[in-house]
Structures are given as C-alpha cells and as structure tokens.
Amino acid sequence: MAGYAKPLPEITDESRPFWEGCRRHEFLVQRCRACGARQHYPRGVCAACWRDDLEWLPSAGRGRIYSFTVTHRTQARGFRDELPYVLAWVELDEGVQVLTNVVGCDPAAVRVGLAVRVTFEDVTPEISIPRFTPVS
Amino acid sequence: MTHALIAGVHEFPERKTARSVLEIQALSARAALDDAGLEPKDVDGYFTVAGNPGVGPLATVDYLNLTPRHVDGTTIGGSSFVAHVNHAAAAIAGGRCRVALITYGSTSRSSGVAVGTRERISGEYVDQFEALYGISTVGLYALIAQRHMHEYGTTGAQLAEIAVACRRHAGLNPVALYRDPITVDDVLRSPMISSPLHLLDCCVITDGGGALVVVHPDLARDLRKPPVRLLGSAEAVAHTAAGRRDYLVSAAAQTGPRAFAAAGVSPADVAMAMIYDSFTITVLVTLEDLGFCKKGEGGAFVGGGRLQLGGALPINTDGGGLSSNHPGMRGIFLVIEAVKQLRGEGGARQVPDCRVALVHGTGGAFGTRHSGATLVLGAA
C-alpha cells in the first residue's frame, strides 16, 4: 500500500511464521512442545526452557486492554500525523500480553479492561499489521 | 561491610553548553579528582556507558589519556552510572583497581534530541513487534501510570505532588534548569503528552554530565574530604517476561530488599532519597517497590509534603530530572547529590542529620524492559 509512513517489521526467518499468519489474518501464539509454555513476542526458542521445539497456534484474537495511553505528542514516524492515537498492552484470552494500537474507536472511549478483538491492516503485499479494536 | 568509598564527585553545571561530550567528561573528571584530592595518574579503573561517544569506553579512555587496568562499559540505560558504582566496588574488593573513575557527558539539548517523544527504535529483534505502534519513552511510562490509576485509584493530582516537590527543591539549586515554584494545578493544566502524563510529569531535556571517584577503603586517610561509604547495592532487570508480566512491579522490588539487607538498614533509616524521575510515575512506583510504602499506597504516600525538604522523606533535593537536569541518562546525578547531602554540602537544600541516603536509578522503559540499580550510602 503506497504511502504507509509508519515503521514496518524487519522480518527474519525466526519471525516469518508469525508474519505469514498475520498475512492470512491469523494471530499466532507460540507454544513449547517440550514444556507447554505459551509466549509472545514470538522467538526461535522457548523463553521458559530455551528449547527450540515450538508450535504456532492460532489465537482467537480476543482479549482485554491491560493498559493504554492516548498519545498527544510524539516524533514517531507516521504517528505524528495521526494524533491522538492509542498505544496499549492487550492481554489475550490465551494469557499473553501484546503491545499494539487500539483503533476504530474514539480514543476517549478506551478503558482498562475493555474487550477487544484483533484486526489486520494490509500495508504491503507481504505485510499485515495486527491491531485491536473494541468488540461491539 | 564497606568495600568502597565515594571520594570525589562533580556535576557539570551548564544546562546548555558549547563544550563537547568529551570535554564535559574531562572537565568533570578533573573537578571530581580535585574534590577527592587525587590526580589523573592515580586512576586505574574506568567506567562509562556506550555511545558516550563511541561503541564503549575506548573513546573516553583515549581522550583522557588513561591507562586503566580495569574497564567497564556497562550500558543499561539511565541507571548505568549507579550500577557502575556497584561494579567499581566489586572491582576494588576483587583487587582489580583502587581508584575508579566514572564519567558521563551529553549534549542532548544543544543537539536537539527529543529524549522523551522521539521514536523509540533500538535496532533489536523485538522492534518488529513494538516499534510498529508509535512507541516513545513517555508512552511506555504512561502505560504504567494508567494501569496504576486503574488498580489503585491513583490520581493525576497525586502524581503532580512529585513534580511540585522536585520544583521546590530546584528553587534552592542555583544551576537547576527550572526554578520557579509550580502547583498541582499547574501540572494538571500543562499540555497532555501521553495520557495520563502531562508535560510537567516529564523530565526536562538538558546538556550535562559529571564524574565520580570510587576508591579502596585503604585510601581514606589520603582524601581531601571525609568519604561517603557504600553500605549496600543491588541491580536487577524487569522485562516483558514472555508475555506474562505484572507491569506495576518494577526492578526496584528486587533491588530494594537486597540493597537494604546488604547495608543492614531499613527504609525507616533513610534520611533522603534520590529516585530516578524520568516521569512522576517512575518515582511513585519506585518508592512502593523499595518498601517506603505498600504497593498501591504510593498515591497517598507522596502527598502532604512528605517528599519535600522538612518532610519525612525528602527526595531529589537537587530538583531532579523533573526540574534540574536530564541529559538522557541521569543516574550519575543521583549519586552526586546524595554524596553532597551526606557530606553536609547541600547549602540551602541540606537535609538535617543526613546519615543514610538511598539512590535508585532506572534505565530503559517501565512499559517494556528496564534496569534498576540501588545504592545505600552512609556518611563518614
């Protein structure tokens, strides 16, 4: 998509399955086959046992806002032209926290505990960015 | 047990300077050695952060023409220089050096660096999951303030008390950047930067720097002034924890109990505290985690003048990062001011009967990953 001014992820082999999931509009959460731990952000090893036997499970993409901030002043690329915007930690129903934006609503309506679901913005032919929006 | 003494300190007084990062450090080092009664030839251990300038301490070691037998470039954000004191003490106790020099210099203000609101990209793997979302340092602390308000009913007016206390102290510091008193209402009416943090909840941006000299206890009698004793110290890192983190618990919850235990003192023994104040919320959470009050009670604790001179726990008597100076990594100033207070050199802002002081540095961002370093310091 031309004109996407915000930062894009620098995808590596380690993270490619996650971003391929986003391209399919699936939010994947890793689970360790060795110890059973779930984790986000995704990485090449389990953060609990450091083994590399991980599987990628589709999340239902639903959760609640753990915390948020409405940003009124920033130098962040692409965002300084879209003030105010919402940065948030969302806790997925699967139990892991995701740093993200909350979109599709008035920033003044955002609250801790608000139920949200994932939504994807297709920003290039290869890249879709996951964000969250209130469950209506 | 005392493994090390802080023998000399110096804070570079300018808030906007024509000097270079290297000149700031060299002039500060000379002044700190004068303060200690020592000379450059006595220095055999050297500590600074990466990027100050260069990839590590090499640029400064070269510029200062030093010949250290111990060198340390620990870089863990604004707390780094607090951690350097801890590392210097360990190096001295281990026989690696006897006179450790720690320096810092920055020209953030004259270079136009937007310390708090610039895009926070680290060049690390994790950027691809974080930098996409418009993160800045202030935003990553605002997340903690919002959650604290949700869980404990903390208010913006309570956070503002911290800024008011620092500003009052800055009024007693001739070189502080902002010295005119402010009120809680002034803070609440200042522009919202990243909710719930207003402009006056945020540290200032200045140039600056300083130096510390930490020495072996054997050198006590050779020093120009009664040295300050390092009674206890600790470091920790708190992070995203694979997606399962209680973000209201900072690294100070780990370092506080360890540092107090090592020093054999309790929070009740502390006459004054230097608490890293990148933002007001940084101070509130740190005070809770160090054990000065219970978790969740910070909002009530910081009111009523408790943190001001004359109160039960004066903090940031130099005016702090909120009003005096913040060139990007403030830890060294925490140590400098605590040492001045313990020596009775505080002048108009002296805390009476100051025998034990606490220093806590925070580096990085509460909202993702940060370091904490605590020192308990005692008067001679």
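## Exercises on strands, domains and interfaces

In strand β7 of chain A, A:V116 is the bridge partner of A:G63. This model is predicted: local features need pLDDT of at least 70, side-chain atom pairs count only at pLDDT 80 or more, and totals for chains, interfaces and linings use all residues. Residues are numbered from 1 along each chain as its sequence is written, chains are lettered from A and ligands numbered from 1 in the order in which they are written, and side-chain values use heavy atoms, with hydrogens and water left out.

**Exercise 1.** Determine which strands of chain A pair with β7(A), and in which sense.

*Solution.*
Step 1. Strands are DSSP runs (E, at least two residues), as helices are (H or I, at least four), and both are numbered from the N terminus. Two strands pair if DSSP finds at least two bridges between them.
Step 2. Strand β4 (residues 62-71) of chain A is joined to β7 (residues 115-122) of chain A by three bridges, and the two run antiparallel.
Step 3. Seven bridges link β7(A) with β8 (residues 128-134) of chain A, again in the antiparallel sense. A hairpin of five residues connects β7(A) to β8(A), and A:E121 stands opposite A:I129 in β8(A).

**Exercise 2.** Describe the open sheet formed by three strands of chain A, and explain why one side of β2 and of β3 is left without a neighbour.

*Solution.*
Step 1. The order of the strands is β2-β1-β3, with antiparallel pairing.
Step 2. Strand β1 (residues 28-32) of chain A is joined to β3(A) by five bridges; A:C32, for example, has A:L54 in β3(A) as its bridge partner.
Step 3. β2 (38-39) and β3 (54-58) of chain A stand at the edges with a single partner strand each, so one side of each has no neighbour in the sheet.

**Exercise 3.** Characterise the interface between the two domains of chain B.

*Solution.*
Step 1. Domain 1 comprises 5-111 + 207-225, and domain 2 comprises 127-199 + 232-378; the bounds come from an automatic or database domain assignment. Their C-alpha centres lie 24 Å apart.
Step 2. The contact (heavy atoms within 4.5 Å) takes 35 residues from domain 1 of chain B and 33 residues from domain 2 of chain B.
Step 3. Together the domains bury about 2,500 Å², 65% of it on carbon and sulfur atoms. Buried area is the accessible area (1.4 Å probe) that two parts lose on being put together, summed over both.
Step 4. The rule finds two salt bridges across this interface, a salt bridge being a side-chain nitrogen of Lys or Arg within 4 Å of a carboxyl oxygen of Asp or Glu. B:K225 forms a salt bridge with B:E345, with 3.0 Å between the closest N and O atoms.

**Exercise 4.** Characterise the interface between chain B and chain A by its residues, area and salt bridges.

*Solution.*
Step 1. Chain B contributes 39 residues to the contact and chain A contributes 45 residues.
Step 2. The buried area is about 3,500 Å², of which carbon and sulfur atoms give 56%.
Step 3. The count of salt bridges between the two chains is zero.
Step 4. On the side of chain B that touches chain A, α4 (127-130), α5 (137-152) and β5 (192-194) of chain B each give two or more residues. The largest share, seven residues, comes from α5(B).
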